[in-house]
Amino acid sequence: MVNRAIRKFLFFHKANGASLIVSPTHLALHHRSMTTSKRVQDRSEMKRIHDLEIATEKWKIVSKVLFLMEILKEEPEQVIPIRSLDQYRRQINLPKPHKISDFIQKSPKLFELYKDCKGVLWCGMTKEAEELVQDEERITEEYSEKAAEHVTRCLMMSVAKRLPLDKIAHFRRDFGLPIDFRKNWIYRYPEHFRVVKNEDDIEFLELVSWKPSWAITELEKKVIGVSEDHQPGLLSLAFPLKFPSNYKKVYRYAGKIDHFQRRSYLSPYADAHGLTAGSLEFDKRAVAVMHELLSFTIEKRLVTDHLTHFRRELVMPQKLMRLLLKHFGIFYVSERGKRFSVFLNEAYEGSDLIEKCPLVLWKEKVQTLIGYRGRKKKIETHHDFVEMEGEDLCGGESEEDNVHMQPKQEDTICGLEDSALSDESEMEIGDIYGAYKATEAS
């Protein structure tokens with residue numbers, strides 16, 4: 001049966017009077033190319049972990065708020081005109097006709113809106129938010145040594161022992177790097193790495209010295225500990241497995257899983273030049289590299305796009321998503337949102353991280369202050385919950401000029417007016433969690 005894409009192709013040529021001969025072989029090839037791009041949702045439908053979907057959903061909201069806080073932090077007076085935030089719609093993932101001012105009003109404990117004497121609407125942070133920003137700076141500074149270790153170990157895993165700075169920037173938040181890491185932070189650890197440029201004037205971060213005690217995987221540390229003179233080579237350690245509780249077909253693949261776990265593999269820190277792409281050894285080493293990278297991140301998860309940026313430097317397969325989905329006992333791919341996320345299963349108990357670093361605890365504190373005004377809308381189906389962010393958390397269609405402002409006499413500067421925002425009808429993350437669990441139970 002000819003699929004829809006081919007039918008459209010044939011109809012177009014017929015409508016334009018073109019003669020076209022399509023062989024059965026051509027149709028078969030076209031059909032195969034279509035099936036290889038099957039959506040992650042379809043591939044993982046029977047392997048979905050709802051607790052990790054909840055974790056994805058709650059961080060989708062907090063990531064928008066954290067991005068706004070970073071923008072305000074970089075402003076001289078930590079305030080910015082609302083219209084200037086329009087250029088960041090893509091990063092915030094706030095499509096029109098949703099109003100940025102409406103979204104900001106959803107978190108009155110973190111953001112404040114003002115109008116100046118010319119009627120221009122401005123956004124700033126509350127005192128509580130400013131204190132949180134200061135806390136983050138302190139925690140990031142304390143975490144700096146560990147972040148430097150993780151970046152150095154990434155360089156040690158790379159083939160050329162260097163990585164483009166533009167690619168490392170993708171991992172900034174995941175690795176707990178400061179916002180100005182390219183200007184200052186990368187020069188604070190000359191004993192570990194240095195900045196170099198190639199003939200095309202592209203900046204790279206290059207390894208300065210090899211540390212044997214860092215050339216040991218997180219999995220090895222749990223089994224044999226740390227050795228100062230460790231030499232990376234073949235490993236025979238099995239990866240921790242955690243399958244979805246509702247997945248009933250694992251026994252069919254038990255033999256393949258057991259065979260994979262027993263197979264030796266090359267350490268991510270060993271020279272991988274001799275491996276053949278597509279071989280069993282190549283794929284298992286790629287699993288080890290992804291396991292190590294996820295172990296470095298503060299939340300033990302990454303956007304899959306960020307992983308694919310390092311395929312060449314870290315010697316990983318081109319079809320990385322296929323490998324992640326194949327080993328669903330080790331990794332979990334969440335399809336929620338426009339960008340997929342991959343979790344390290346062993347690091348989570350339900351929807352919570354088992355071990356939380358100070359930066360994660362800080363994000364959770366921010367998360368407790370995020371809420372929105374308006375009625376709590378009952379979510380009837382799972383699909384409604386997926387679309388909830390666009391409908392309820394992003395605001396309605398009211399214009400910025402309709403933002404209700406009431407004067408605050410003691411803080412009035414040139415007619416600045418504080419927004420009259422109440423906390424009476426906020427919806428917290430716990431409410432979202434409860435609504436989602438109620439949906440799953442129905």
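The following questions and answers concern the cores and sheets of a predicted model.

Reader: How many of the residues of the protein, as a percentage, count as buried?
Author: The protein has 19 helices and 14 strands. A residue counts as buried when its relative accessible area is under 20%. Of the 442 residues, the share that meets this criterion is 48%.

Reader: Which helix gives the largest share of the largest nonpolar core?
Author: The largest nonpolar core has 97 residues, and M69, F111, W185, L293 and V366 have the most contacts inside it. The largest share of this core amounts to 12 residues, and these come from residues 50-74, that is, helix 4.

Reader: Where does this core lie with respect to domain 1 and domain 2?
Author: Domain 1 comprises 48-129 + 367-381, and domain 2 comprises 130-366. Both domains give residues to the core, so its position is between domain 1 and domain 2.

Reader: Which residues does L293 touch, leaving aside those up to four places away in sequence?
Author: L293 is among the residues with the most contacts inside the largest core. With residues up to four places away in sequence left out, its contacts are C154, M157, F171, F175, L307 and L314.

Reader: How many residues make up the second, separate core?
Author: This second core includes L266, A270, A272 and V315. Its full count of residues is five.

Reader: Why is one side of strand 4 and of strand 5 left without a neighbour in the sheet?
Author: The open sheet has the order 4-6-5 with antiparallel pairing. Strand 4 (162-164) and strand 5 (193-197) are therefore each left with one free side, because they stand at the edges and each has a single partner strand.

Reader: In strand 6, which residue is the bridge partner of R162?
Author: Strand 4 and strand 6 (residues 203-207) run antiparallel and are joined by three bridges. Within strand 6, R162 has as its bridge partner E206.

Reader: At about what angle to strand 6 does helix 8 run?
Author: Helix 8 covers residues 144-157 and lies across strand 4, strand 5 and strand 6. Its direction relative to strand 6 is about 90°.

Reader: Which residue in strand 11 does F331 stand opposite?
Author: A further open sheet of three strands has the order 9-11-10. In this sheet, four bridges join strand 10 to strand 11 (residues 341-344), and the two run antiparallel. Opposite F331 stands L344.

Reader: What angle does the direction of helix 4 make with that of strand 10?
Author: Helix 4 packs on the sheet and touches strand 9, strand 10 and strand 11. Helix 13 (residues 280-296) also lies across these strands, at about 90° to strand 11. For helix 4 and strand 10, the angle is about 50°.

Note on methods. Residues numbered from 1 in each chain as written. Predicted model: local features only at pLDDT ≥ 70, side-chain atom pairs only at ≥ 80, totals over all residues. Heavy atoms only, no water. Core = buried A, V, L, I, M, F, W, Y, C linked by side-chain atoms within 4.5 Å. Buried < 20%, exposed > 50% of the residue type's maximum accessible area, 1.4 Å probe, protein only. Domains from an automatic or database assignment. Contact = heavy atoms within 4.5 Å. Pairing = 2+ DSSP bridges. Axes fitted to C-alpha atoms, helices over the stretch in contact; angles between N-to-C directions.
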